Amino acid sequence: MSTEKLPKRSADYSAWYNELVKRADLAENSEVRGCMVIKPYGYSIWEKMQQTLDHMFKETGHTNAYFPLFVPKSFLEKEEGHAEGFAKECAVVTHYRLKTDPDRKGKLMVDKDAKLEEELIVRPTSEAIIWNTYRGWIQSYRDLPLLINQWANVVRWEMRTRLFLRTAEFLWQEGHTAHATEQEAVEETLQMLDVYTTFAETFLGIPVFKGRKPAHERFAGAVDTYCIEAMMQDGKALQAGTSHYLGQNFAKAFDVKFTNKENKLEYAYATSWGVSTRLMGALIMAHSDDEGLVLPPNLAPFQVVIVPIYKGDDRSEVVEKCKEFRKRLQAVGISVKLDDRDTHTPGFKFAEYELKGVPVRLALGGRDLKNGTVEVARRDTKTKTSISQDLLESYVKDLMEEIQKNIFQKAYDFRQANTVKVDTYEEFKEAIENKSQFVFAHWDGTTETAEKIKDETKATIRCIPMNNPQEEGKCILTGKPSKERVLFAKAY
RNA sequence: CGGAGUUUAGUUCAGCCCGGUUAGAAUGCCUGCUUUGGGAGCAGGAGGUCGCAGGUUCGAAUCCUGCAACUCCGACCA
């Protein structure tokens with residue numbers, strides 16, 4: 001572990017992020033271009049996200065299944081918009097065998113005789129393979145709804161990658177549901193958007209705007225795309241989750257028909273929805289500071305770290321007390337790590353756990369043994385207090401809730417302070433370019449206008465918020481009439 | 001895909017312009033002693049085909065050519 005300080009957010013936000021990811025032991029670049037190694041500490045956080053979301057999916061009636069990594073090219077072609085959208089970023093398997101190179105000892109080469117009849121695409125998403133499978137599963141309205149989720153890895157050959165935010169291979173979950181009616185499918189789409197919103201706000205501690213994407217930002221093959229958008233500390237937006245209403249597009253492409261109650265054949269209605277390891281990026285960028293990661297208690301691999309402090313002989317006594325504390329906290333459902341390594345000094349450990357974002361640190365030394373106290377340090381506010389040992393469980397338990405709330409509130413206040421309404425293009429540019437804010441502004445509803453604004457300011461329409469207040473106004477660029485404001489921001 | 005940069009110890013880098021002992025530092029690592037309330041100290045030790053392939057030269061980390069990988073900025077990313 002390096003002992004150097006992190007770069008400051010204010011000096012170079014991007015460098016701060018990259019360094020933090022590595023130094024907090026979350027992930028590192030691998031030897032494979034664009035692909036990361038998620039390290040144990042980072043993976044533990046991802047596992048927490050998985051567990052929480054998985055529970056939420058099951059509560060809403062979904063079950064997990066698993067579909068192949070490879071998608072025959074012909075499947076991907078079937079839904080036209082889908083095919084076009086993903087074609088440029090697919091990894092393609094063309095051969096299934098290697099052989100030793102006769103000209104270079106010890107080297108391998110592709111065996112030209114082992115060319116696949118049809119190329120296999122490494123899934124960039126699984127609509128194609130899944131809807132091809134659903135054809136065999138769906139005959140009657142009685143087979144519906146089909147509510148399935150998959151935890152998987154996908155590959156999108158991105159030009160430029162960043163740890164967690166955009167990697168060539170990433171982990172995610174993708175829900176793929178089939179329904180008998182449009183209404184039910186739309187309800188499912190919105191339900192999952194709400195699940196993501198709850199997850200983001202309650203567990204990640206990140207307030208989000210939820211809304212609908214304008215037509216030109218839709219998922220390839222979708223009728224409607226919904227999303228949640230979060231603000232990072234540099235004012236940029238990060239799409240933290242998406243939920244798509246796919247209509248009958250995939251059912252038609254893959255011929256998934258069912259007999260309805262009126263004994264008529266009908267195409268099934270589809271949804272898909274997903275969140276990825278990108279959420280790790282959101283978590284890091286939303287809360288962390290120049291000292292390192294700040295983790296919400298609901299997602300921290302361990303919520304409390306105990307650091308014993310001793311001089312020579314009293315080590316065993318201090319460590320024993322720490323073990324007792326660990327036991328007491330575990331008994332009330334708090335996850336605890338006791339760092340009783342004798343090879344590092346307390347100061348070193350303090351710095352290390354700050355870097356790693358552990359929500360609460362307890363320090364216990366001879367002084368505390370004598371006084372019956374223990375020092376409690378909060379990561380989010382970096383404040384320390386000494387409490388009576390008797391209060392340990394109740395104090396720490398309350399503190400967990402307090403920290404979770406405070407982290408959300410801080411992110412919320414930051415977003416409020418950096419979200420504005422504007423009515424002129426001048427104000428718009430000022431807010432986007434100079435202040436890097438979220439901006440609610442009127443838009444004439446055309447793709448051309450959105451493109452032009454993007455070219456000139458780099459801001460994109462993040463979403464048209466749900467329950468958006470209707471309000472007469474004029475498009476900031478063209479002056480044409482508009483009925484509502486949409487959310488603009490620069491985005492990751 | 002365009003632009004820039006980087007490649008030397010586990011890591012971060014110096015050395016290169018101006019070729020010449022055994023290639024250095026910090027940090028990390030190992031051993032011992034000592035220490036422990038905010039990244040301890042001392043002593044000793046291990047660790048490098050200088051990205052790869054050619055070339056120039058008596059001699060190349062250093063100069064030349066080619067290649068590759070990575071990073072950053074931009075474009076792209078539904």
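This is a conversation between a student and a tutor about a predicted model of a protein with an RNA strand.

Student: Let's start with the RNA. Which residues come nearest to RNA strand B?

Tutor: There are 38 residues around RNA strand B, and Phe86, Arg160, Arg166, Glu217 and Arg218 come nearest. To be counted as near, a residue needs a heavy atom within 4 Å of the strand.

Student: What makes the approach of Lys384 to RNA strand B a polar contact?

Tutor: A polar side-chain atom of Lys384 lies 2.9 Å from a base nitrogen of RNA strand B. The cut-off for a pair of N or O atoms is 3.5 Å, so this pair qualifies. The backbone joins in as well: an N or O atom of the Gly85 backbone lies 3.2 Å from a base nitrogen of RNA strand B, and one of the Gly347 backbone lies 3.4 Å from a sugar or linking oxygen of the strand. Both distances also fall within 3.5 Å.

Student: Which elements give two or more residues to the surface near RNA strand B?

Tutor: They are helix H1 (13-23), helix H4 (80-86), helix H10 (346-355), strand S19 (360-364) and helix H11 (366-371). The largest share, 7 residues, comes from H10.

Student: And how do the residues of that surface divide into nonpolar, polar and charged?

Tutor: There are 11 nonpolar, 9 polar and 18 charged residues. On the RNA side, 41% of the strand B atoms within 4 Å of the protein belong to sugar or phosphate, and the rest belong to bases.

Student: Now for charged pairs within the protein. Why do Arg462 and Glu229 count as a salt bridge?

Tutor: Their side chains meet at 3.0 Å, N to O. The limit is 4 Å, so the pair passes. Arg462 lies in strand S24 (residues 460-465) and Glu229 in strand S12 (residues 224-231), so this bridge ties together parts that are 233 residues apart in sequence. Both Arg462 and Glu229 are buried.

Student: What makes Lys382 and Asp289 a salt bridge?

Tutor: The distance between their side chains is 3.9 Å, N to O, and that is still within 4 Å, so the name applies. Lys382 sits in the loop between strand S20 (373-378) and strand S21 (384-388), and Asp289 in the loop between helix H8 (278-287) and strand S17 (304-308), so the pair ties together parts that are 93 residues apart in sequence.

Student: How do you know whether Lys382 and Asp289 are buried, partly exposed or exposed?

Tutor: Lys382 has 43% relative accessibility. Buried means under 20% and exposed means over 50%, so Lys382 is partly exposed. Asp289, with a relative accessible area of 9%, is under 20% and therefore buried.

Student: Where do Glu354 and Arg361 fall on that scale?

Tutor: Glu354 is partly exposed at 25%, while Arg361 counts as buried at 8%. Their side chains meet in a salt bridge too, at 3.2 Å, N to O.

Student: Why is Lys112 called exposed?

Tutor: Its relative accessible area is 63%, which is over 50%, so Lys112 is exposed. Lys112 is found in the loop between strand S7 (108-110) and strand S8 (115-122).

Student: How do you know that the span of helix H2 agrees with what is expected?

Tutor: Helix H2 (residues 40-59) has 20 residues, and at 1.5 Å a residue it should span 28 Å; the end C-alpha atoms are 28 Å apart, so the two agree. Its buried residues include Tyr41, Trp46, Leu53 and Phe57. Just after H2, Gly61 takes a positive phi of about 90°.

Student: One more. What makes Phe75 and Phe254 an edge-to-face pair?

Tutor: The ring centres are 6.4 Å apart, and the planes are at 80°. Pairing needs centres within 6.5 Å and edge-to-face needs over 60 degrees, so both conditions are met. Phe75 and Phe254 are both buried.

Student: How about Trp131 and Tyr134: what are the distance and the angle between the planes?

Tutor: For Trp131 and Tyr134 the values are 5.2 Å centre to centre and 65° between the planes, so this pair is edge-to-face as well. Both residues lie in helix H5 (residues 127-137), 3 residues apart, about one turn of the helix.

Notes. Residues numbered from 1 in each chain as written. Chains lettered and ligands numbered in written order. Predicted model: local features only at pLDDT ≥ 70, side-chain atom pairs only at ≥ 80, totals over all residues. Heavy atoms only, no water. Polar contact = N/O pair within 3.5 Å; in protein donor to acceptor, adjacent residues only side chain to side chain. Helix = DSSP H or I, 4+ residues; strand = E, 2+ residues; numbered from the N terminus. Nonpolar A, V, L, I, M, F, W, Y, C, P; charged D, E, K, R; others polar. Buried < 20%, exposed > 50% of the residue type's maximum accessible area, 1.4 Å probe, protein only. Expected span 1.5 Å × (residues − 1). Phe/Tyr/Trp six-rings, centres within 6.5 Å; stacked < 30°, edge-to-face > 60°.
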